[in-house]
Amino acid sequence: MSELEPATVSGSRNGKHMNDFLGVTLIDWLVIVGYLLGITVIGTWAIRRVKTSASFFISDRGFGKLMMMFFNFGTGTHSDQAVSVAAKTYRAGASGIWYQWLWLFCTPLYWVIAPMFRRMRAVTTADYFEARFDKSVAVLYAITGILQLTVNIGVMLKGSSAMITAVSGGTIDPHYAIYAMTAMFLIYGVAGGLSAAIVTDFIQGLLTIVLSFLILPFALGAVGGMTGLRSAIHDPHMFSLASPGEITYFYIAVITLNGLIGYGTQPHTMSLCAAGKTEMEARVGMTCGMFIKRFCTVAWVLTGLCAVAMYMGREVDVDHVYGLMARDLLPVIGPGLVGLFIASMLAAVMSSCDAFMVACSALFTENVYRKLLVRGAPDRHYMYVGRIVSVLVVACGIIFAFSLESVVEGLEIFWKVSAMMGLAFWVGLFWRRATGIGAWAGTLVGFATYLFTSQIKILDRVFWDFNARYAHRLPDFLVFVDNSREDARPELFLPWQMIFYLSTGLVALVVVSLLTQPTTKEKLDRFYVCLRTPVGPGEPEVEPFTLPPGVEPAPRRVLIDLPGFEIPMPSFVGVAGIIGASGAVAALIWVVYWIFSLGT
């Protein structure tokens with residue numbers, strides 16, 4: 001392994017250190033600065049599209065398939081994901097791919113989820129909860145949605161700062177890196193809103209693909225390809241898509257279910273679907289955009305495996321693995337590649353943070369401030385409020401980033417928080433008997449169960465003796481110990497925690513709904529009529545869950561005609577899309593399985 005020793009590779013840069021600034025060469029800085037100037041000019045140019053608060057929060061719904069595809073890809077893909085997948089792969093092997101592939105089996109469903117969101121004709125997902133339940137549930141969702149996106153922004157900043165610190169050899173402080181990245185996307189995001197996010201995401205999406213595949217060929221070359229990897233890594237479980245002890249098939253199934261439940265209530269999902277011209281733009285944009293991300297994930301996990309071989313025997317911060325690979329490999333290949341890598345990483349984090357920031361701002365401004373605090377103010381007033389809230393949300397994200405121990409920990413917190421109102425979303429979509437009080441009960445019980453089952457892990461620093469006694473009393477299949485950490489302590493196995501809070505939340509939602517006054521038939525009929533009526537080309541902007549004048553409601557066609565249920569009959573386009581996307585998922589899994597079998 002001596003020829004793979006990172007110190008040898010890094011040593012080739014020693015002669016250039018005199019010309020470095022903060023661990024990065026002048027050529028690399030020129031590449032970075034050129035990107036930042038260009039993307040800021042393009043983003044601020046998008047201000048011309050912002051004329052109303054609606055155009056700030058949801059754009060003018062005039063984007064085509066290509067722009068929507070890269071908007072979905074750019075928003076859904078960020079550098080902290082490469083960090084978390086590489087970090088988990090470094091510890092657990094190829095099964096770390098599921099830290100982003102947990103939504104892989106949901107991807108075909110995006111073909112039918114996307115037009116559903118577009119038919120809501122809404123600005124935020126909170127509009128859905130108000131139309132289906134009442135204003136109080138919309139406010140509950142607004143608070144929950146802001147919380148989950150604040151967590152997501154914090155995780156992205158944490159992961160990206162770790163990468164910058166590693167690439168610079170530790171000369172750039174991660175705190176300063178977080179501040180710098182935040183300032184960059186605030187400049188055009190606050191000014192241009194979602195239109196700026198979509199326009200810049202087209203370019204940033206291309207650079208994110210570069211980020212994903214830039215290191216991989218050099219890393220594989222350094223370790224001797226898959227044959228060299230297998231001869232360096234003797235544990236066969238490191239090349240398996242499911243590993244014993246942690247990322248098992250049971251683990252994969254549960255986090256996939258949790259991811260599907262939570263995806264519908266991620267606040268930015270509405271903007272990802274509703275900014276296109278028609279439903280087809282929403283379908284193609286979301287499904288194809290997310291498939292690009294699935295391919296990029298393969299590059300991240302392979303890079304993480306190469307790191308196992310390159311850094312074997314060394315003590316490495318797993319959050320720094322991806323950045324260390326860039327620092328050790330790219331300068332040897334050619335000048336300016338580190339700058340291109342950093343620019344691509346900045347593109348990835350900025351393309352997501354700007355959209356998340358605008359989504360949070362829309363939730364508060366449209367569903368709390370406009371409806372509960374200040375009504376009837378000029379439209380420009382709400383647009384200014386949205387910009388102020390954007391800054392405050394990002395500030396909270398920074399605070400959360402500083403509090404995280406690792407990127408993987410932050411990602412798991414996001415999974416859990418995003419699923420809390422998912423049950424109310426899906427049950428309310430198909431079951432007419434679900435009530436607003438039931439939605440409150442399901443959400444609060446889910447949160448309570450999550451906090452209770454987290455206490456073994458969260459409070460062990462204060463009450464370790466108490467928690468250890470109860471943790472060890474749990475059956476072995478419920479308890480997980482991270483043996484890669486010296487201070488590892490028993491905690492509830494993540495899939496079981498998800499099962500507990502999802503099942504208790506569902507029971508509470510159903511029971512309380514059956515015991516409370518049902519939603520009026522008139523309200524429900526208006527809700528479901530809007531959901532089943534397609535969006536026509538050039539359709540004018542209307543109030544959420546309102547059909548434009550002259551549009552005839554589509555007839556009710558259900559797949560299963562059960563009293564109290566609304567299970568729509570899928571269209572031919574919907575079925576064909578699901579079948580095609582499912583085939584693509586199966587093919588991708590087969591290709592990855594084949595890749596990991598090479599060298600045997």
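Modeller: In helix H19, the buried residues are Val407, Val408, Gly410, Leu411, Glu412, Phe414, Trp415, Lys416, Val417 and Ser418. The model is a predicted one.

Biologist: How many residues of H19 are buried, and what follows for the helix?

Modeller: Buried residues make up 10 of the 12 in H19, so the helix is largely enclosed by the rest of the structure. As background, an α-helix has 3.6 residues a turn, so residues three or four places apart point the same way. H19 covers residues 407–418 and reaches 17 Å from its first C-alpha to its last, close to the 16 Å expected at 1.5 Å a residue.

Biologist: What span should helix H15 have at 1.5 Å a residue, and how far apart are its end C-alpha atoms?

Modeller: The expected span for the 32 residues of H15, residues 279–310, is 46 Å, and the end C-alpha atoms are 47 Å apart, which agrees. H15 is also largely enclosed by the rest of the structure, because 28 of its 32 residues are buried.

Biologist: What is the setting for these helices in the protein as a whole?

Modeller: The secondary structure comes to 25 helices and two strands. Of the 600 residues, 60% count as buried. Among contacts between residues at least 6 apart in sequence, 83% join residues at least 24 apart.

Biologist: Which residue lies 8.3 Å from Gly276 in space, C-alpha to C-alpha, while 158 residues away in sequence?

Modeller: That residue is Arg118. Gly276 itself sits in the loop between helix H14 (268–274) and H15. Its relative accessibility is 0%, so Gly276 counts as buried.

Biologist: Which sign of phi should I expect in most residues other than glycine?

Modeller: Most of them have a negative phi. Here Arg121 has a positive phi of about 50 degrees, although it is not a glycine. Phe545 is another case, with a positive phi near 55 degrees.

Biologist: Where are Arg121 and Phe545 found?

Modeller: Arg121 belongs to the loop between H7 and helix H8 (125–132). Phe545 is in the loop between H24 and H25.

Biologist: Is Arg121 buried or exposed, and is Phe545 buried or exposed?

Modeller: With a relative accessible area of 3%, Arg121 is buried. Phe545 is buried as well, at 2%.

Biologist: How is empty space found, and how much lies in the second largest pocket?

Modeller: Rolling a probe the size of a water molecule over the atoms shows where empty space is left. The second largest pocket holds about 900 Å³ of space. Of the 29 residues that line this pocket, Val112, Arg119, Pro568, Met569 and Pro570 are the closest to its centre.

Biologist: Which helices supply at least two residues each of that lining?

Modeller: They are helix H7 (110–119), helix H20 (422–430), helix H24 (521–532) and helix H25 (572–597). H7 gives the most to the lining, with five residues. By class, the lining has 21 nonpolar, two polar and six charged residues.

Biologist: How many disulfides does the count give?

Modeller: In general, a disulfide is a covalent bond between the sulfur atoms of two cysteines. The rule asks for a pair of cysteine sulfur atoms within 2.5 Å, and here the count comes to zero disulfides.

Biologist: How exposed is Cys288, and is Cys530 buried or exposed?

Modeller: Cys288 is partly exposed, with a relative accessible area of 31%. Cys530 counts as buried, at 1% relative accessibility.

Definitions and conventions. Residues are numbered from 1 along each chain as its sequence is written. This is a predicted model: local features need pLDDT of at least 70, side-chain atom pairs count only at pLDDT 80 or more; totals for chains, interfaces and linings use all residues. Side-chain values use heavy atoms; hydrogens and water are left out. Buried means under 20% relative accessible area, exposed over 50%, partly exposed in between (1.4 Å probe, protein chains only). On a 1 Å grid over the protein atoms alone, a cavity is a set of points where a 1.4 Å probe fits but cannot get out, and a pocket is an open set with protein on both sides within 12 Å along at least five of seven lines; lining residues have an atom within 4 Å of a point. Grid points are joined across faces, edges and corners, and a volume is the space filled by probe spheres set on the points. Helices (H or I, at least four residues) and strands (E, at least two) are DSSP runs, numbered from the N terminus. Ala, Val, Leu, Ile, Met, Phe, Trp, Tyr, Cys and Pro count as nonpolar, Asp, Glu, Lys and Arg as charged, and the others, Gly among them, as polar. The expected span of a helix is 1.5 Å times one less than its number of residues. Contact means heavy atoms within 4.5 Å.
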